[in-house]
Amino acid sequence: MSKRKEIDVKNFKPAIVYTIYIASTPEKVWEALTQAEFSRQYFSGHAVEVDLRVGGAFIMRTPDGALHISGEVIECEPLKRLTVTFNVNWPALLEKLGPTLVTYEIEQVGDAVKLTMLQSHDREISDDILSGGRTGWPAILSSLKSLLETGNALEIQMQPPERMLAALKELGIGTP
């Protein structure tokens with residue numbers, strides 16, 4: 001029987017933070033963040049599967065069903081806050097860079113919802129490696145916003161930034 005490694009969120013510092021306002025409800029934003037049928041529409045076809053309890057599984061699958069990101073629910077306050085470990089399934093990434101935490105904070109503000117996304121780490125991560133999140137999160141969150149406000153997600157073609165891939169390669173971290 002393996003013992004689960006505890007994550008102490010106090011050791012994690014936000015490296016990437018984005019806040020957007022969406023003309024929607026906390027219920028719809030929560031659904032979009034936690035249900036595969038929503039995430040496939042705004043997250044480049046990726047399906048989020050989340051067991052909404054502390055210690056529950058967080059999984060993201062590519063459009064062909066392959067495991068892309070795996071993690072665990074660290075904090076879950078429905079309609080308000082969700083924190084998960086968000087570990088990309090690339091060889092040696094977790095071993096060399098440590099776990100990544102992603103937190104979504106949802107707050108009703110008048111007729112809108114304030115959604116804040118924080119990507120946090122327990123160690124210094126280079127700007128070259130963080131360029132992946134800094135490229136991807138604005139597109140993903142913009143597409144989520146468009147989907148909830150208009151019914152249509154954005155089609156944004158994305159590739160991992162070359163500088164991120166070069167930095168990972170330099171650390172001996174293989175990518176697909």
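Which exposed residues does the face of α5 turned away from its buried side carry? They are Glu162, Lys169 and Glu170. Exposed here means over 50% relative accessible area, buried means under 20%, and partly exposed lies in between, with a 1.4 Å probe and protein chains only.

Some ground rules. This is a predicted model, where local features need pLDDT of at least 70 and side-chain atom pairs count only at pLDDT 80 or more, while totals for chains, interfaces and linings use all residues. Residues are numbered from 1 along each chain as its sequence is written, and side-chain values use heavy atoms, with hydrogens and water left out. Helices (H or I, at least four residues) and strands (E, at least two) are DSSP runs, numbered from the N terminus.

Back to α5. This helix covers residues 162-170, and its buried residues are Met164, Ala167 and Leu168. Seen down the axis of α5, these buried residues fall within an arc of 100 degrees, so they line one face of the helix. The arc is taken from the directions from the helix axis to the C-beta atoms. A general point helps here. An α-helix has 3.6 residues a turn, so residues three or four places apart point the same way.

What do the buried residues of α5 pack against? They pack against α3, residues 93-97, and α4, residues 127-150. Contact means heavy atoms within 4.5 Å. After α5 comes Gly172, with a positive phi near 80 degrees.

Now one residue from each of those partner helices. Glu95 is in α3. Glu95 is exposed, at 65% relative accessible area. Its C-alpha atom is 9.3 Å from that of Ile173, and the two residues are 78 apart along the chain. Thr135 sits in α4. Thr135 is partly exposed, at 40% relative accessibility. Leaving out residues up to four places away in sequence, Thr135 touches Met158 and Pro161. The C-alpha atoms of Thr135 and Met158 are separated by 8.3 Å, with their positions 23 residues apart along the chain counted as the distance apart.

Next, the largest pocket. Its volume is about 1,100 Å³. The closest residues to its centre, out of 45 that line it, are His68, Val88, Trp90, Gly132 and Met164. A pocket, on a 1 Å grid over the protein atoms alone, is an open set of points where a 1.4 Å probe fits, with protein on both sides within 12 Å along at least five of seven lines; lining residues have an atom within 4 Å of a point. Grid points are joined across faces, edges and corners, and the volume is the space filled by probe spheres set on them.

Which helix gives the largest share of the lining of the largest pocket? That is α4, with 10 residues. Elements that each supply at least two lining residues include α2 (36-42), β4 (67-77), β6 (87-88) and β8 (112-121). By type, the lining divides into 25 nonpolar, 18 polar and 2 charged residues. Nonpolar covers Ala, Val, Leu, Ile, Met, Phe, Trp, Tyr, Cys and Pro; charged covers Asp, Glu, Lys and Arg; the others, Gly among them, are polar.

Look at His68, in strand β4. Setting aside neighbours within four places in sequence, its contacts include His46, Met60, Asn87, Val88 and Trp90. The C-alpha atoms of His68 and Trp90 are 8.1 Å apart, for residues 22 apart along the chain.

On to the aromatics. The whole structure has 5 aromatic pairs. One is Tyr42 with Phe43, tilted, at 6.0 Å centre to centre and 45 degrees between the planes. Rings of Phe, Tyr and Trp (its six-membered ring) pair if their centres lie within 6.5 Å; planes under 30 degrees apart are stacked, over 60 edge-to-face, and the rest tilted. Tyr42 and Phe43 are both buried. Phe58 and Phe86 have ring centres 5.7 Å apart and planes at 35 degrees, so this pair is tilted. Phe58 is in β3 and Phe86 in the loop between β5 and β6, so the pair links distant parts of the chain, 28 residues apart. Both are buried. One aromatic cluster takes in Tyr42, Phe43, Phe58, Phe86, Tyr104 and Trp137.

Last, two backbone notes. Ser44 is not a glycine, yet its phi is positive, about 55 degrees. Ser44 is in the loop between α2 and β2.
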